[in-house]
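Please keep the sequence and the model side by side while reading, since the paragraphs below move from the overall fold to a single residue and then to a pocket.

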Amino acid sequence: MYAMIQRPESDFYNQVMTADDQEPVASHRLIQMLMEGALERLHEAKIALARGDSRLQSELLIKTVAIIGGLRESLDLELGGEIAQNLDDLYDY
């Protein structure tokens with residue numbers, strides 16, 4: 001089987017969990033990073049499908065759904081108003 005070239009998962013966590021002497025990651029940047037991660041997993045799942053690696057494809061899709069689910073659960077539809085509703089619709093799609 002072909003190996004997927006992926007950044008180590010710790011790179012993502014290192015960007016999110018900053019050192020004490022650094023400023024914390026802004027919430028909009030964290031959301032952007034999560035969306036980028038979801039899109040990367042979808043792309044990798046497409047490659048796995050083309051290679052016939054259904055096990056890897058399934059794992060990547062499960063990770064994608066978990067990321068999107070976490071983003072969706074973090075929405076406050078009352079406080080977020082139209083923007084939150086639009087994001088909820090996007091995540092549902």
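Which pattern does the chain follow when it is read along the sequence? The pattern is α-α-α-α, and the count agrees with this, for the chain has four helices and zero strands. The model is a predicted one, and it is worth asking how far each part can be trusted before going into detail.

The mean pLDDT of the chain is 82, with 73% of the residues reaching 70 or more. That confidence is not spread evenly: helix α1, which covers residues 9-16, has the lowest mean in the chain, at 54, while α3 has the highest, at 95. Ahead of α1 in the numbering, residues 1-8 have a pLDDT below 50, although this stretch still makes eleven contacts in the model beyond its near neighbours in sequence. Where pLDDT is low, the predicted coordinates should not be read in detail.

Taken as a whole, the chain has 93 residues, of which 20% count as buried. Its accessible surface comes to about 7,300 Å², and carbon and sulfur atoms account for 57% of that area. When contacts between residues at least 6 apart in sequence are considered, 40% of them join residues that are at least 24 apart.

Helix α3 offers a place to look at one residue more carefully. Leu 60 lies in this helix, which spans residues 54-73. Is Leu 60 buried or exposed? Its relative accessibility is 2%, and because the cut-off for a buried residue is under 20%, Leu 60 counts as buried. In sequence Leu 60 is 15 residues away from Ala 45, yet the two C-alpha atoms are 5.6 Å apart in space.

The second largest pocket brings several helices into one picture, and its space amounts to about 230 Å³. Which elements give two or more residues to its lining? They are α2 (27-51), α3 and α4 (77-92), with α2 giving the most, at four residues. The lining includes Met 35, Ala 38, Leu 39 and Leu 42, together with Thr 64, Val 65 and Ile 68, and it is completed by Leu 90, Tyr 91 and Tyr 93. By chemical character, nine of the lining residues are nonpolar and one is polar, while none is charged.

Technical notes: Residues numbered from 1 in each chain as written. Predicted model: local features only at pLDDT ≥ 70, side-chain atom pairs only at ≥ 80, totals over all residues. Heavy atoms only, no water. Buried < 20%, exposed > 50% of the residue type's maximum accessible area, 1.4 Å probe, protein only. Contact = heavy atoms within 4.5 Å. Areas by Shrake-Rupley, 256 points an atom, 1.4 Å probe, with all protein chains shown as cover. pLDDT = per-residue confidence, 0-100. 1 Å grid on protein atoms, 1.4 Å probe; cavity = no way out; pocket = protein on both sides within 12 Å on 5 of 7 lines; lining within 4 Å. Points joined across faces, edges and corners; volume = space filled by probe spheres on them. Nonpolar A, V, L, I, M, F, W, Y, C, P; charged D, E, K, R; others polar.
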